[in-house]
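I opened this notebook to record what I looked up, beginning with the aromatic side chains and ending with a pair of helices.

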Amino acid sequence: MGKMQTDEKKMYVLDTNVLLHEPLAFLSFEEHDVIIPMTVLEELDHIKDRKKDVSRDARVAIRSLEGILHNATPEQMIDGVALPSTSVDTRAQNGKLIIVNDHLFAEEISGLPGNENDHRIINSAVHLQNQHPDVKVVLVTKDINMRLKAKGAGLKFVEDYRTDQLIDDISLLSSGYKKFSGDFWQTVGQCKSDQDGRELHHTVTKDLIGEVFINEYLIDETGHFAARVESFTDTDVTLLDLGHERLMSRMAWGVRPKNIYQAMAMNALLDTHMDLVILTGPAGCGKTLLALACALELVIEQGIYDKVIVTRNTPEIAESIGYLPGTEEEKMAPWLAAITDSLEVLHKSDQNPVSSRNYIMEKANIQFKSVNFMRGRSIQNAIVILDESQNLTAAQLKTIITRCGEGTKLICSGNLAQIDSNYLTPVTSGLTYLVERFKNFEGSATVNLNGVVRSRLAAFAEENL
């Protein structure tokens, strides 16, 4: 969607899933009219009372709509009520919010049977398109199949809701590092270096590096240079010299990095100044194992944090885990098998790996929690591992991040190629949103773990299937 570059008046018909994705979405269309079919209000009404996380978004959307329409007469609701302006230009003309009773429209307009809600909404858009031939009528929905059906029914303009989309292509997503061809130092002319205790800083001209963001890693092809961006100005960049060999020699809970990407990830994970570490990459690249190993190192060996909280999205039981027997931890166990598998790998050489795993879980105070029960908490002095975060929306991630109190470190990991959510794509995933929004936050780092290290079978499958 984004900012409109034309003065052409448009009508945007919103599907229910758009308001569930972003409850205030109807405010994002500037001078254009926003149409809410009655069927959408009915769907929101059915959803709002369920014991689900999405019900909260439905209630927010209903309250927001009521805030604009509460003083409107029935005639005004049909004709349209002016939307509040979001533009700094006071001369900008606002669009209108219009409620249409799609139950009054003939079912045969779109050629789709009118007993399904999606078809009623498509029917509304087609009716408006026929009624206003000089106006561009656009159906906005996050349902791909609905977009296909709408086009097949004769609707000329159908779009996804992309106002919150920060990048157009997943290939543009930051990897968290830059890799220079050849020897980095051969391209550097004058360089100012400062020794501060054990840390060595270099200040180089920004033209050599290009656009950077805070805590971005820099490596080259020689396998000798490794650094992290500490600060930058319009002309200079200050680098913290990490050293390739030093990075590769780091160890956490008996685990050493198998490649430079894992080494950079371990550097960020073991840095207590990093409040947020985001790990992306394909299946088998070591995201969960590294996160857990570094968490155990920081909790048990160094005693910096008090506990480890592990959570993840559980699509099949996202809102209720009550039907499974046992405690919350026992209920979450099937969906957090990756963590227990990683614990077994870390202790596979022990005489009794199962006993070691159970002992470490108690020693590190590892707690398995459902995402649904994170709201309202305040987590202090802990490491929170959020696994499979590619299946969360930006709003759900915000809920978890805002739970983190003083002394808490959050580790988000995910594979954008394995999204299970019906309405998320790699470019609209909350994980993508998180990477882009926190690029310039001095307390966060992102690393894309390039390369599958689980096994040669997994590596071959990742490349060829």
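I first looked up phenylalanine 180 and phenylalanine 184, and both are buried (under 20% relative accessible area, with over 50% exposed and partly exposed in between, for a 1.4 Å probe and protein chains only). I noted that this is a predicted model, in which local features need pLDDT of at least 70 and side-chain atom pairs count only at pLDDT 80 or more, while totals for chains, interfaces and linings use all residues. Residues are numbered from 1 along each chain as its sequence is written, and side-chain values use heavy atoms, with hydrogens and water left out.

I then looked up the aromatic pairs, of which the structure holds eight (rings of Phe, Tyr and Trp, the last by its six-membered ring, with centres within 6.5 Å; planes under 30 degrees apart are stacked, over 60 edge-to-face and the rest tilted). The rings of tyrosine 12 and phenylalanine 29 have centres 4.6 Å apart and planes at 35°, so I entered this pair as tilted. Tyrosine 12 and phenylalanine 29 are both buried. Phenylalanine 180 and phenylalanine 184 also form a tilted pair, at 5.1 Å centre to centre and 55° between the planes. I found that ring pairs link Phe180, Phe184, Trp185 and Phe225 into a cluster.

Last, I turned to the helices. Thr39, Val40 and Glu43 in helix 2 meet Asn117, Arg120 and Ile121 in helix 5 (contact is heavy atoms within 4.5 Å; helices are DSSP runs of H or I, at least four residues, numbered from the N terminus).

Notes. Helix = DSSP H or I, 4+ residues; strand = E, 2+ residues; numbered from the N terminus.
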